[in-house]
Amino acid sequence: MIKDIATPIRTKAILEKYGFSFKKSLGQNFLIEPNVLTRIVDHAEVTEKTGVIEIGPGIGALTEQLARRAKKVVAFEIDKRLLPILKETMSPYPNVTVVHQDVLEADLKQAVSDYLSDCEEIMVVANLPYYVTTPIIMKLLEEKLPLRGIVVMLQKEVADRIAAKPSTKQYGSLSIAIQYYTEAKTVMTVPKTVFVPQPNVDSAIIRLLVRDEPTVAVQNEAYFFQLVRASFAQRRKTLLNNLIHFIPNGKELKPLVEKTLEEVGIDGRRRGEALSIEEFAKLSDALDSALK
Ligand code: SAM
């Protein structure tokens, strides 16, 4: 068996051989603890039937663990300095394709059909670059890719916000956006010491299992998400006040907004953070029709 890339000694040797210097602006914190990597792959339940999309392979520490268990891996890396390194480290793994591209600009549906079409299921597995965690996750979900799920390492604070329940400090529009599409769970917290260089924040692994249908049915998805964001715009304001701010001519329409809230059984004196996704869905449908 080849020695793991993620051991501190092998990582150091690879970095020295290529004279690689980390770019903080690209969120380059590489994992140097093989046990953490195998836990990520375990939580993703990757098997020989799985096609994996990886974001940011770095020098291939996680890619290698995925390649050993998955049918195929396609990995998007933005930093061209890593390409010759990956060419060497991935040479024992013919089931890996590295694509030199910013994942935010990638056509992922096309990538699935080009590289992973013979896989029975698709998972996204990654140690994400922390400066773009949320845009990456939202892209994966909004593009409605045929994913079973997403298992990623990210900042603990973001993981807490994603998996938060109503009436907690962490609960917000991000929790609702992601829980709308997935069942979200933080599966492990990870200390800074398993990275080189060490990040400034604590990390966590989150598992997002994509739902067959969104958690609630809404008539107008775009309006629902706008309403949710508006309800958290000023967290200390009441829901009614935030809504009046959000709705064009809100002040004049206050009686109609109050009547609509009453009809759906939601007290406008509550704060947005106390509303469940189901309540936001009910309110979104009712307000959207009432204001048409
Ligand atoms: N997977 C490696 C590991 O676990 O050791 C590296 C993870 S490191 C946290 C993030 C990686 O994402 C880096 O290799 C970085 O160059 C890459 N990256 C940053 N922004 C990216 C983007 N927009 N698209 C693709 N890769 C990106």
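**Exercise 1. How are helix 6 and helix 8 oriented relative to each other, roughly parallel or roughly antiparallel?**

Solution. The model is a predicted one. Work through the geometry in steps.

- Step 1: take the two segments. Helix 6 covers residues 133–142 and helix 8 covers residues 173–181.
- Step 2: read the geometry. Their axes come within 10 Å and cross at roughly 30°.
- Step 3: apply the cut-off. Angles under 35 degrees count as roughly parallel. Helix 6 and helix 8 are therefore roughly parallel to each other.
- Step 4: add the hand. The crossing of helix 6 past helix 8 is left-handed.
- Step 5: list the contact. Helix 6 contributes Thr-134, Ile-137, Met-138 and Leu-141, while helix 8 contributes Leu-174, Ala-177, Ile-178 and Tyr-181.
- Step 6: sort by class. The contact of helix 6 with helix 8 has seven nonpolar residues, one polar residue and no charged ones.

**Exercise 2. Describe the packing of helix 2 against helix 3, from angle to residue classes.**

Solution.

- Step 1: locate the helices. Helix 2 spans 34–43, and helix 3 spans 61–69.
- Step 2: find the angle. The two axes come within 10 Å, crossing at roughly 45°. That makes helix 2 oblique to helix 3.
- Step 3: assign the hand. Helix 2 passes helix 3 in a right-handed crossing.
- Step 4: name the residues. On helix 2 they are Leu-37, Thr-38, Ile-40 and Val-41; on helix 3 they are Ala-61, Leu-62, Gln-65, Leu-66 and Arg-69.
- Step 5: classify them. Six residues in the contact of helix 2 with helix 3 are nonpolar, two are polar and one is charged.

**Exercise 3. At what angle do helix 10 and helix 11 pack?**

Solution.

- Step 1: helix 10 (residues 239–246) and helix 11 (residues 254–263) pack at an angle of about 130°. Their axes are 10 Å apart.
- Step 2: helix 10 and helix 11 are therefore oblique to each other.
- Step 3: the crossing of helix 10 past helix 11 is right-handed.
- Step 4: Leu-240, Leu-243 and Ile-244 of helix 10 meet Lys-254, Val-257, Glu-258 and Leu-261 of helix 11.
- Step 5: five residues in the contact of helix 10 with helix 11 are nonpolar, none is polar and two are charged.

**Exercise 4. Which of the 23 residues around the ligand come nearest?**

Solution.

- Step 1: the nearest are Phe-30, Gly-56, Gly-58, Asn-127 and Pro-129.
- Step 2: map the shell to elements. Strand 1 (30–31), helix 3 (61–69) and strand 3 (72–77) each supply at least two of its residues.
- Step 3: split by class. The shell around the ligand has 14 nonpolar, six polar and three charged residues.

**Exercise 5. Find the backbone outliers, and place each in the chain.**

Solution.

- Step 1: recall the norm. Most residues other than glycine have a negative phi, and most peptide bonds are trans.
- Step 2: check phi. Glu-45 has a positive phi, near 50°. Glu-45 sits in the loop between helix 2 (34–43) and strand 2 (50–55).
- Step 3: check omega. The peptide bond from Val-196 to Pro-197 is cis, with omega near -15°. Pro-197 lies in the loop between strand 8 (195–196) and strand 9 (203–210).

**Exercise 6. Summarise residues 36–212, using the UniProt record and the model.**

Solution.

- Step 1: an unreviewed UniProt entry places the feature "domain: Ribosomal RNA adenine methylase transferase N-terminal" at residues 36–212.
- Step 2: over residues 36–212, the chain is 33% helix and 28% strand.
- Step 3: the end C-alpha atoms of residues 36–212 are 29 Å apart.

Terms used. Residues numbered from 1 in each chain as written. Predicted model: local features only at pLDDT ≥ 70, side-chain atom pairs only at ≥ 80, totals over all residues. Axes fitted to C-alpha atoms, helices over the stretch in contact; angles between N-to-C directions. Helix = DSSP H or I, 4+ residues; strand = E, 2+ residues; numbered from the N terminus. Parallel < 35°, antiparallel > 145°, perpendicular 65-115°, else oblique. Left-handed = near helix turned anticlockwise from the far one by under 90°. Contact = placed C-beta atoms within 7 Å. Nonpolar A, V, L, I, M, F, W, Y, C, P; charged D, E, K, R; others polar. UniProt positions renumbered as here; feature names shortened; annotations may be inferred. Near = placed C-beta within 6 Å.
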